[in-house]
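User: I would like to learn how to read strands and sheets in a structure. Can we go through one together?

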Amino acid sequence: MANEMDKLIWRVLDGKASPGEVRRVVEWVREPGNRKYFRQLRKVWNLVNGPRVTPERKREELERFRNFMRQQPGGKERRFVRRMGWYKYAAVVFIPVLIVVYLSWHEFAREDTRVLLSEEPVYPGTRQVILTIAGGDTIALQPNRDVDIQLAGQLRVVGSGESIAYELGEGENEGEERYNTLATPVGGEYQVVLSDGSRVWLNALTELRYPEIFKEDCREVYLSGEAYFEVEHDPGRPFVVVANGVEVTVYGTRFNVNNYGADVVRTVLVDGKVGIRVAGSGKEVVLSPSDMAECFEGTREVKVRKVDPYVYTAWKEGKFVFEDEPIEEIMLRLSNWYGIKVFYTDERVKKQTFTGVITRYTEVGNVLHLIGETAVVRFQLNGNVVTVGT
């Protein structure tokens, strides 16, 4: 039975378990003595598959679990180590993802006194955006609705409702510069392929202003919020992202720009090359892959450091990635995505940190449960209001 339950637990953590298998594991965890075993197993899984986990850290955590298992009846340690060896090597190949399907077990989760939930769940955001075309007309784009909009000349906007693309007709060229704007609300995200073929992912509460057709000598867009860019290479027409007085000049690359904070613009380079210039300054700071540039409004200073790009770009793949991130910043991200309001009973709790990878497409209560498992914080959710304390 123990061997069978181990397999079921792994299926749940992998996100492959059926509803019936999930219920079996829930009932098993409720039995005396099983919860500690389950939590230890889950903790090792989280750590081994978390972002930027070193081989030394993996070995350390596995040895800790072996010591724990030697104290358990039934010889579970041997079976676990044999299976974990396979997962350890698989984690090197695949992008590390912490599956949190088990957190949707409401009966089990509500037993956790660190998180108190209201009866009504708070659902995640969806693909939605407001498109404003030249002239001021606005169009709400929703999932499962086809898009086919005729603009000036032979230019069309087409899509499935979850993303749009600008298609140029034959002979279409530069004329009067006409700007469009895409604006995602709280709890919205979207994708767009611009007229030059560059692709942009927009996070929640983001606005992107761009020409329908770019000029012959420059491609310039304006960003407020957060977006991930994959820019088509065109050496004769540099691509420039302007965000809160900071110009990001692109030379064909993939990168993320975030200016949610009123006083800082963060640019993370995945590959290629970009140059960072503060408006009014002739100095350009050139980034290499895995560099993050932070431009502070007060000093207009640009600071560059090495980071793991996945931590800052996984949102476009449907993940929250937190790496020693303060609770205050985590709750800001959750507010943008879930539309929740956050209050603190203790200012000190804002500095508590959490590390983990969580799907963006689960109820907010599930996210709060996972954070509450390891961070020294308590959450109370009433409607869409979250109170955070210790």
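**Reading strands and sheets**

Analyst: This is a predicted model. Start with one pair of residues: Arg 378 stands opposite Gly 389 in β26. Helix α8 (residues 327-338) packs on the sheet there, with contacts to β23, β25 and β26. The direction of α8 makes about 160° with that of β23.

User: How many bridges join β25 to β26, and do the two strands run parallel or antiparallel?

Analyst: Strands of a sheet pair through backbone hydrogen bonds, in either a parallel or an antiparallel way. Here, β25 (residues 378-382) and β26 (residues 385-389) run antiparallel and are joined by five bridges.

User: In what order do the four strands of the open sheet come?

Analyst: The order is β1-β25-β26-β23, and the pairing is mixed. β1 (115-116) and β23 (341-344) each have a single partner strand, so they stand at the edges with one side lacking a neighbour in the sheet.

User: Which side chains of β3 are buried, and which are not?

Analyst: Side chains alternate along β3 (residues 129-132). Val 129 and Leu 131 point to one face and are buried, whereas Ile 130 and Thr 132 point to the other face and are not.

User: Which strands are joined to β3 by bridges?

Analyst: One is β4 (residues 138-141), which runs antiparallel to β3 and is joined to it by four bridges. Ile 130 has Ala 140 of β4 as its bridge partner. Five residues lie between the strands of this hairpin, where Gly 135 takes a positive phi near 105°. Another is β8 (residues 179-183), also antiparallel to β3, with three bridges. Leu 131 has Leu 182 of β8 as its bridge partner.

Methods:
Residues numbered from 1 in each chain as written. Predicted model: local features only at pLDDT ≥ 70, side-chain atom pairs only at ≥ 80, totals over all residues. Heavy atoms only, no water. Buried < 20%, exposed > 50% of the residue type's maximum accessible area, 1.4 Å probe, protein only. Pairing = 2+ DSSP bridges. Contact = heavy atoms within 4.5 Å. Axes fitted to C-alpha atoms, helices over the stretch in contact; angles between N-to-C directions.
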